[in-house]
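Please open the model in your viewer and keep the selection tool at hand. The tour below goes from one selection to the next and says what is found at each stop.

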Amino acid sequence: MKDSKNIAVSADDRKWMRKALDLAEKGSGYVSPNPMVGCVIVSADGRLIGKGWHEKVGQAHAEINALQSVKDPSDLVDASVYVNLEPCSHHGKTPPCAKSLADLPVARVVVAMTDPNPKVDGRGIEMLRQAGKKVDVGVLEEEARQLNEAFIYSIRFGKAWVFLKIAQSLDGYITAPDGEPGMFTDIESQKQVHRWRAQYDGVMVGSSTAMHDNPRLTVRLVEGRQPMRIVIDGPSELPEALHLFSDQYEPKTIRVTHKSSEKGHELDPIFQLLSPGGFHGRTLVVGKKNHHCDLAEAIRRLPEFGVHSVMVEGGQALSSALIREGLVDKIGVFVSPFLLGGGTRSILGLGIDRLSERLDIRRQEWTTYGRDVLLTGYF
């Protein structure tokens, strides 16, 4: 079912839908693999009488939480319901929200976008219309799509959404000439990175970054969910003493490798999980490509581990390989206001020889964090 593009949208419709979107975002990091959904209920005389959002996967959906917040049920007569995603029409971990709304005396349901999940995909809207409700679709649709871009992508393509984060000097270096790891960005930029870690299902690094920086990849500077930690370790030779393999979050580490760590034993890629040695995390075995892990296969299979969105905090090799193979969906580059004149470039070897072959970044946005500037955009 296609969205309605010719609906009459009032200023109030936009106001209440924006409120629903703001509520939806409160579920960021807690509802995956479900989408972020917020719901607002407005009485016939224009009063806000209910609101809610999907707070945690497996728990009540936004519409139910909003209905439960209504103090006087008589206010629901001829009320309008605003929700940023089509109400579900199937029994999952919770009953269908469309049926709950259809059984109530509300007059109108305003939906930002249809649900791309094949189990829904217009069925919730049809259920409401058959119950006599006026349903308008398409209010702040672009904002709704951007909020749930990772969910929409994963549902559509069956693989993880990839966000590449880079922090570099003004002249494009991610390390100084001596190669020693150090913090390039302002504390405000670092906090934003930790917010992203809490929002994305997983955070990925390559073996070089794991070895030289020994990162924790945890959420510390802000409150939020701890992500899965993904390390590309083709030969499975990284030392077990690294934080990723030895700290309290070790069970949330996924080692991506192209062979078993058991000496003399090659594991067929069809067997996806193993726990080599004393490692108590999980291992994803993929095929080889150019003597390295097949990154495309890894991205395609990460949802098997509950990772539907991943932020990459890799070094030059991993970042360049992902871009070169067309596996990056969104990029965020922090540029700090200093020059190095040498060191390790952030991106290298994309196989581009002419200006006409450049990779353009679409829908760019520039944001300031402390002294740093952040460019975000899409490939």
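**Starting inside the core**

Select isoleucine 41 first: leaving aside residues up to four places away in sequence, isoleucine 41 touches Arg47, Leu48, Ile49, Gly50, Ala66, Leu67, Val70, Leu76, Ala79, Ser80 and Val81, where contact means heavy atoms within 4.5 Å. The model is a predicted one, in which local features need pLDDT of at least 70 and side-chain atom pairs count only at pLDDT 80 or more, while totals for chains, interfaces and linings use all residues. Residues are numbered from 1 along each chain as its sequence is written, and side-chain values use heavy atoms, with hydrogens and water left out.

Now add Met17 to the selection, since Met17 and Ile41 are the residues with the most contacts inside the largest nonpolar core, which has 43 residues. Such a core is a set of buried Ala, Val, Leu, Ile, Met, Phe, Trp, Tyr and Cys residues joined through side-chain atoms within 4.5 Å, and buried means under 20% relative accessible area (1.4 Å probe, protein chains only). Helix 1 gives the most to this core, with 6 residues. Apart from it lies another core, of 31 residues, and Ile232, Leu284, Ala298 and Leu318 are among them.

**The sheet and its helices**

Turn next to the open sheet, whose 5 strands follow the order 2-1-3-4-5 with mixed pairing; strands (E, at least two residues) and helices (H or I, at least four) are DSSP runs numbered from the N terminus, and two strands pair if DSSP finds at least two bridges between them. Strand 2 (48–53) and strand 5 (134–137) stand at the edges with a single partner strand each, so one side of each is left without a neighbour in the sheet.

Select residues 80–83 and 108–111 to see strand 3 and strand 4, which pair in the parallel sense over 4 bridges, with valine 83 opposite valine 111. Helix 1 (residues 11–25) packs on the sheet, touching strand 1 (38–42), strand 2, strand 3 and strand 4, and its direction makes about 140 degrees with that of strand 1; angles run from 0 to 180 degrees between N-to-C directions of lines fitted to C-alpha atoms, for helices over the stretch in contact.

**Two cysteines**

Finally, select cysteine 88, whose sulfur is 3.8 Å from the closest cysteine sulfur, in cysteine 97, too far for a bond, because a disulfide is a pair of cysteine sulfur atoms within 2.5 Å. Cysteine 88 counts as buried at 7% relative accessibility, and cysteine 97 counts as buried at 1%.

Methods. Buried means under 20% relative accessible area, exposed over 50%, partly exposed in between (1.4 Å probe, protein chains only).
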